[in-house]
Amino acid sequence: MESLTQLREKLSEFEKLSVRLGCIVQGTAAEAAEICGQYGMAEKCIPDPEKESYAKLGLDRTTLGAMVFASDELKARRKENRAAGFSVSIKKSFMPHCDIFLLPGAALVERGGKILWLHRGAHPGDLPSAEELLDRVRENLQISRHS
Amino acid sequence: MPAVQRREKGDENMCVAATSKGYPEVGDAAPDFVYQDGGGNERRLSELWDDGPTLIVWLRHFG
């Protein structure tokens, strides 16, 4: 839930940029309402218990070995994420609809549906921080608005 | 080519190329899907970007 907490803290900055935010979670609508609601993010969470959108985006799956025997890169990323307020919740990882091996991702989509920026996680900790996401939004909207 | 490429700092548009063949990339249409909201209504993800730019984050489990 650290990701949601961090994104909630930056909501006003996304709003200033006139960018909507949608957080896809691996659970039912009821689970999303309950859990995301505890973090004041129920309206931003989009339930995807079947992980359909993850599959459509082509998000990869990691392996148990890759999580247990983390590479130096993953260790470094975990350290960065912890410093930025991200971490992995073991308890939430084992909820009924959660696939602990499925990797995270993010996409900036312009009005009408074209992808302006895309990130597919290469390992479990590979989701940019909220601050980094804001930077990508600023950069790409500027390019889009001037092209 | 490795199955998973490193994401270097400053190269934020890079994706996991070897595993993303056939999947949407920058410039393509974002994937849409139908979901059920808290009120039991069917909604589309694309409703978000119908009115303006949208950042979609796919969280691991519940983040």
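So, Ala106(A): its bridge partner in β3(B) is Val57(B). Keep in mind that this is a predicted model. That pair belongs to a bigger arrangement, since β3(A) and β3(B) run antiparallel and are joined by 5 bridges.

Now follow β3(A) to its other partner. Within chain A, strand β3, residues 105-109, is also joined to β4(A), again by 5 bridges and again antiparallel. If you want a spot to click on, Gly105(A) sits opposite Arg120(A) in β4(A). Between the strands of this hairpin there are 5 residues, and Gly112(A) has a positive phi there, near 105 degrees.

What about β4(A) itself, residues 115-120: is it enclosed or open? All of it counts as buried, 6 residues of 6, so the strand is largely enclosed by the rest of the structure.

Okay, zooming out to the contact between the chains. On the chain B side we have 40 residues, and they're in contact with 62 residues of chain A. Which elements of chain B supply at least two residues each to that side? They are β1 (34-36), α1 (47-50) and β3 (54-58). The largest share comes from β3(B), with 5 residues. By residue class, the chain B side splits into 21 nonpolar, 11 polar and 8 charged.

That brings me to the core. As a general point, nonpolar side chains in soluble globular proteins tend to be buried together. Here, the largest nonpolar core has 42 residues, and the members touching the most others are Cys23(A), Ala107(A), Leu55(B), Val57(B) and Trp58(B). You'll notice Val57(B) again, the bridge partner of Ala106(A).

Let me stay on Cys23(A) for a second. Leaving aside residues up to four places away in sequence, Cys23(A) touches Leu4(A), Leu7(A), Met41(A), Lys44(A), Cys45(A) and Ile46(A) in chain A, plus Val57(B) and Leu59(B) from chain B.

Last bit, chain A overall. How many helices and strands does it have? We get 8 helices and 4 strands, and along the sequence they come in the order α-α-β-α-β-α-α-α-α-β-β-α. Chain A has 147 residues, and 41% of them count as buried. As for contacts in chain A with a separation of 6 or more, 56% are between residues 24 or more positions apart.

So if you take one picture away, take β3(A): bridged to β4(A) in chain A, and bridged to β3(B) in chain B.

Definitions and conventions
Residues numbered from 1 in each chain as written. Chains lettered and ligands numbered in written order. Predicted model: local features only at pLDDT ≥ 70, side-chain atom pairs only at ≥ 80, totals over all residues. Buried ≥ 20, exposed ≤ 12 C-beta atoms within 10 Å, placed from the backbone. Contact = placed C-beta atoms within 7 Å. Core = buried A, V, L, I, M, F, W, Y, C linked by C-beta atoms within 7 Å. Pairing = 2+ DSSP bridges. Nonpolar A, V, L, I, M, F, W, Y, C, P; charged D, E, K, R; others polar.
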